[in-house]
Amino acid sequence: MMQNQSSTLRMQDLKEGPYEKALRCGVLCLSDEELLAILIRSGTRERNALNLAYDVMQMRNAGLCNVEELSLQELQEIRGLGKVKALTLKAACELGRRITIEGKRQKMQMDDPSSVASYFMEQMRHEPVERVMMAFFDNRCGFLSEHLLSIGTEDRSFVSVRLIFRQALRENASYVIVLHNHPSGDPCPSREDRLITDKIFRAGNLVEIPLADHIIIGDRRYYSFKEHGDLTPREGTNL
C-alpha cells in the first residue's frame, strides 16, 4: 500500500506544472527553469513554457544571467518566445535589479564606503564610458539624493568642481560623495583622479560642504579615497 502511494506521488510530481508546484510548496522550491516558465506562461505546440525557459538558459550557457545579458532582439530569436514574452523577462529582470538597488540604498551609510559602493555598483560597473555621480547627505549623514554630473569617454570624464557644489547648495547638503566608474574594471585611481579629488576636497572645505569620499567603481571592486587615507590634499594642489 505504501509503495503504491509513493508511486502515485511521484507520478503526480512528474505531471505537476510550475504553477501547481509553486502553489503547493512555494516559489522557493522552484528551479530556475520553472521560475522562468511562470513568467513565460505558455509555449507552442512543439515547445511548452518549461522547454522555452530551458532554451533561454542554454542560449549562452550563462543560466539566469542570460535574461539580463541577452538583448530583447536576441531573446526573440528563440523560437516560440515572441516580443511580449521577451519583454516580460526583461521587465522582471529590471524589477529584480531595482529591488536590489532599493534595498542597498536603504542600507547606505555615508561613513561606510562599502555600503555606498555597493549601492552604485550595479548602476555604474557595466557602463562603457566614464560617468560621474554625486551623492548628497544631510547634517546627520542621512542620504538625500543622487545626481549625474557628467558622461565622458572610455578613459576620461569631465568633472566640474563648480557644478558639484552648485548642486550641493541646491540640495541643502552638508556632505558630498563623488563617484565615477572605470570602464576597464580596474578601480585604481589615476594621477588625474587624485588631482581632481584634491581640488574637490579643498573647495568643499571653503564652502563648508566637505567631500566625505571619492569612490571609483570597477568591476565588482571599488577604491575609496577615504578608506585609503587619500582625502588629505597634497601640497601644491590649486583650485
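Student: What volume does the largest pocket have in this predicted model, and what makes it a pocket and not a cavity?

Tutor: In this predicted model, the largest pocket has a volume of about 460 Å³. It is called a pocket because its points form an open set, whereas a probe in a cavity cannot get out.

Student: How do you know which residues line the largest pocket?

Tutor: A lining residue has an atom within 4 Å of a point. The largest pocket has 16 such residues, and Leu64, Val67, Ala92, Cys93 and Gly96 lie nearest its centre.

Student: Which element gives the most to that lining?

Tutor: α7 does, with six residues. At least two residues each come from α3 (32-40), α5 (65-69) and α7 (83-107).

Student: Why is Gly96 counted as polar, while Cys93 is counted as nonpolar?

Tutor: The classes are assigned by residue type, and Cys is listed as nonpolar while Gly falls among the others, so Gly counts as polar. On that basis the lining of the largest pocket has ten nonpolar, two polar and four charged residues.

Student: What is the volume of the second largest pocket, and which residues lie nearest its centre?

Tutor: Its volume is about 360 Å³. The lining comprises 18 residues, with Ser157, Ser190, Glu192, Asp193 and Ile196 nearest the centre. Two or more lining residues come from each of β3 (175-181) and α10 (191-207), and α10 gives the most, with five.

Student: What makes Glu192 and Asp193 charged residues in this scheme?

Tutor: Asp and Glu are both listed as charged, so Glu192 and Asp193 belong to that class. The lining of the second largest pocket holds six charged residues, together with seven nonpolar and five polar ones.

Notes:
Residues are numbered from 1 along each chain as its sequence is written. This is a predicted model: local features need pLDDT of at least 70, side-chain atom pairs count only at pLDDT 80 or more; totals for chains, interfaces and linings use all residues. Side-chain values use heavy atoms; hydrogens and water are left out. On a 1 Å grid over the protein atoms alone, a cavity is a set of points where a 1.4 Å probe fits but cannot get out, and a pocket is an open set with protein on both sides within 12 Å along at least five of seven lines; lining residues have an atom within 4 Å of a point. Grid points are joined across faces, edges and corners, and a volume is the space filled by probe spheres set on the points. Helices (H or I, at least four residues) and strands (E, at least two) are DSSP runs, numbered from the N terminus.
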